[in-house]
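Here is a short report on one protein chain. Look over the sequence and the model first, then read on.

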Amino acid sequence: MNKMFMSLRTAADRERFLADEQAYCTEFGLTPGQQTAVADRDWNAMLDLGGSIFYVYKLAMLDGRSMQYLGGVFTGMTEDEFVAALRSGGRING
């Protein structure tokens, strides 16, 4: 899955992915669970299934999502709440 996300660095591959996401995922050998996580944009499942945040972020960027958005998803906050938490010094209990 990480190899597929990394491929999204090139415009040609982003176009191929957007044209047929399922075929693109199959081409990279993603499991059915990984393909479902990608199709549903289930960011937590992508990490649970072996995705690295650094590579998963490439898909988020393709969707116009920010790192702060993902931070919110991973911490159970909205993007605005996550940004506010960062601006107030971050989380207290790690």
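Leu-59 touches Phe-5, Leu-8, Phe-17, Val-38, Arg-41, Trp-43 and Met-46, leaving aside residues up to four places away in sequence. Contact here means heavy atoms within 4.5 Å. This is a predicted model: local features need pLDDT of at least 70, side-chain atom pairs count only at pLDDT 80 or more, and totals for chains, interfaces and linings use all residues. Residues are numbered from 1 along each chain as its sequence is written, and side-chain values use heavy atoms, with hydrogens and water left out.

**The core**

Leu-59 is among the residues with the most contacts inside the largest nonpolar core, which has 18 residues. The others named are Met-4, Phe-5, Phe-17, Val-38, Trp-43 and Met-46. At least two core residues come from each of helix 1 (2-7), helix 3 (21-27), helix 4 (32-40), helix 5 (43-48), helix 6 (53-62) and helix 7. A nonpolar core is a set of buried Ala, Val, Leu, Ile, Met, Phe, Trp, Tyr and Cys residues joined through side-chain atoms within 4.5 Å. Buried means under 20% relative accessible area, exposed over 50%, and partly exposed in between (1.4 Å probe, protein chains only). Helices are DSSP runs (H or I, at least four residues), numbered from the N terminus. In soluble globular proteins, nonpolar side chains tend to be buried together.

**Salt bridges**

The count of salt bridges comes to four. Each is a side-chain nitrogen of Lys or Arg within 4 Å of a carboxyl oxygen of Asp or Glu. Three of them are listed here.

| Pair | N to O distance |
|---|---|
| Glu-27 and Arg-16 | 3.0 Å |
| Arg-41 and Glu-21 | 2.9 Å |
| Arg-41 and Asp-63 | 2.5 Å |

Arg-41 is buried, with a relative accessible area of 19%. It lies in the loop between helix 4 and helix 5, while Asp-63 lies in the loop between helix 6 and helix 7, so this pair ties together parts that are 22 residues apart in sequence. Asp-63 is partly exposed, at 30% relative accessibility. Salt bridges that share partners join Asp-13, Arg-16 and Glu-27 into one network. Within that network, Arg-16 counts as partly exposed, at 38% relative accessibility. As for the other partner of Arg-41, Glu-21 is partly exposed, with a relative accessible area of 23%.

**The loop before helix 7**

Ser-66 is found in the loop between helix 6 and helix 7. Is Ser-66 buried or exposed? Ser-66 is buried, with a relative accessible area of 18%. Its side chain reaches the backbone nitrogen of Gln-68 at 3.3 Å. That is a polar contact: a pair of N or O atoms within 3.5 Å, where, within protein, one must be able to donate a hydrogen and the other to accept it, and residues adjacent in sequence count only if both atoms are side-chain atoms. Ser-66 also touches Tyr-57 and Glu-79, again leaving aside residues up to four places away in sequence.

**Helix 8**

Helix 8 covers residues 79-87, and Phe-82, Val-83 and Ala-85 are buried in it. Seen down the helix axis, the buried residues fall within an arc of 160°, so they line one face of helix 8. The arc is that of the directions from the helix axis to the C-beta atoms. These buried residues pack against helix 7 (67-75). On the other side of helix 8, Asp-80 and Arg-87 are exposed. Gly-89 follows helix 8, and its phi is positive, near 110°.
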